[in-house]
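Visitor: Got a minute to walk me through this one?
Guide: Sure, let's put it up.

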Amino acid sequence: MANELRTVDLVIFDCDGVIADSEVISATLLVRQLLPYGIRIDTEYVFRNFVGKSFPVVAGIIGERFGIALPSTFVGDYRAALREAFADSLQTTPGLLDVLGQLACPACVATSSSAPRVAHTLEAVGLTDYFGADVFTASQVAQGKPAPDLFLFAAREMSTAPERCLVIEDSVPGIEAALAAGMKVWRYVGGSHIADVARARGETPADVTVFDNWDRFYVLAPELKTRQGEHGEEQRRR
């Protein structure tokens with residue numbers, strides 16, 4: 001692993017469930033928003049079926065699976081309610097800020113969320129300035145995860161070869177997308193939406209590193225840690 005990580009020039013972070021501990025909030029709200037339409041699911045159903053997919057795709061799946069035409073306002077109403085929920089209670093995943101503060105290479109975000117949603121998410125957790133313009137969404141490519149388009153687009157925008165990227169993902173579609181892009185990928189399973197870590201490990205390809213605590217990041221990747229005395233933000237930015 002050590003030799004492999006010496007070739008990493010860019011870390012690509014997924015947003016929901018990796019940067020922001022947002023999946024439980026999102027799922028709980030979706031369950032509630034669907035009740036007026038006679039659709040009764042629980043948060044576990046949401047986690048199993050929808051994590052890693054863009055919300056318009058999720059809404060389309062729900063409409064087909066439950067045989068109901070959701071109104072054109074559903075996605076907008078959900079996003080508006082989610083912004084309020086995030087402003088009230090959203091936090092980063094525990095320990096992430098320490099990792100970002102010591103990261104010795106550039107980083108960016110590549111997410112299935114819409115541009116407005118990821119902007120609100122990063123604002124809510126205080127990371128807007130950290131990532132700046134280096135935030136990429138599925139709306140910028142032809143196909144979202146599990147297709148590799150988004151990660152390849154992010155790498156091009158960051159002027160980095162795919163094989164020199166390390167992706168941090170929490171979802172199976174995200175892992176599939178990173179592997180299809182020819183990138184190194186680790187699975188973070190420390191978000192509050194992953195209750196069964198053993199199950200998550202079991203459904204992850206054997207050659208993908210799985211970790212459930214950000215304290216493990218620099219144990220696994222000491223090469224990516226800023227050397228003592230160097231300024232982390234200067235090292236992160238080109």
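Guide: What follows is a quick chat about pockets, cavities, cores and one residue.

Visitor: What should I know before reading the values?
Guide: This is a predicted model, where local features need pLDDT of at least 70, side-chain atom pairs count only at pLDDT 80 or more, and totals for chains, interfaces and linings use all residues. Residues are numbered from 1 along each chain as its sequence is written, and side-chain values use heavy atoms, with hydrogens and water left out.

Visitor: OK, how much space lies in the largest pocket?
Guide: About 380 Å³. On a 1 Å grid over the protein atoms alone, a pocket is an open set of points with protein on both sides within 12 Å along at least five of seven lines, while a cavity is a set where a 1.4 Å probe fits but cannot get out; lining residues have an atom within 4 Å of a point. Volume is the space filled by probe spheres set on the points, which are joined across faces, edges and corners.

Visitor: Which residues are closest to the pocket's centre?
Guide: Phe47, Arg48, Arg187, Arg199 and Glu203, out of 19 that line the pocket. Helix H3 (43-50) is one of the elements giving two or more residues to that lining, and H3 has the largest share, five residues. Helices here are DSSP runs of H or I, at least four residues, numbered from the N terminus.

Visitor: And how many cavities of 30 Å³ or more are there?
Guide: One, from a search of the whole structure. The largest cavity holds about 290 Å³ and has 24 lining residues, with Glu23, Phe50, Gly52, Lys53 and Arg117 nearest its centre. H2 gives the most to that lining, four residues.

Visitor: Switching topic: which residues touch the most other members of the largest nonpolar core?
Guide: Phe13, Phe131 and Ile168, in a core of 57 residues. Helix H2 (residues 23-34) gives the most to this core, with six residues. A core is a set of buried Ala, Val, Leu, Ile, Met, Phe, Trp, Tyr and Cys residues joined through side-chain atoms within 4.5 Å.

Visitor: Last one: is threonine 92 buried or exposed?
Guide: Buried, because its relative accessibility is 16%; buried means under 20% relative accessible area, exposed over 50%, partly exposed in between (1.4 Å probe, protein chains only).

Visitor: Where is threonine 92?
Guide: In the loop between H5 and helix H6 (96-101). Threonine 92 and glycine 17 are 75 residues apart in sequence, yet 8.8 Å apart in space, C-alpha to C-alpha.
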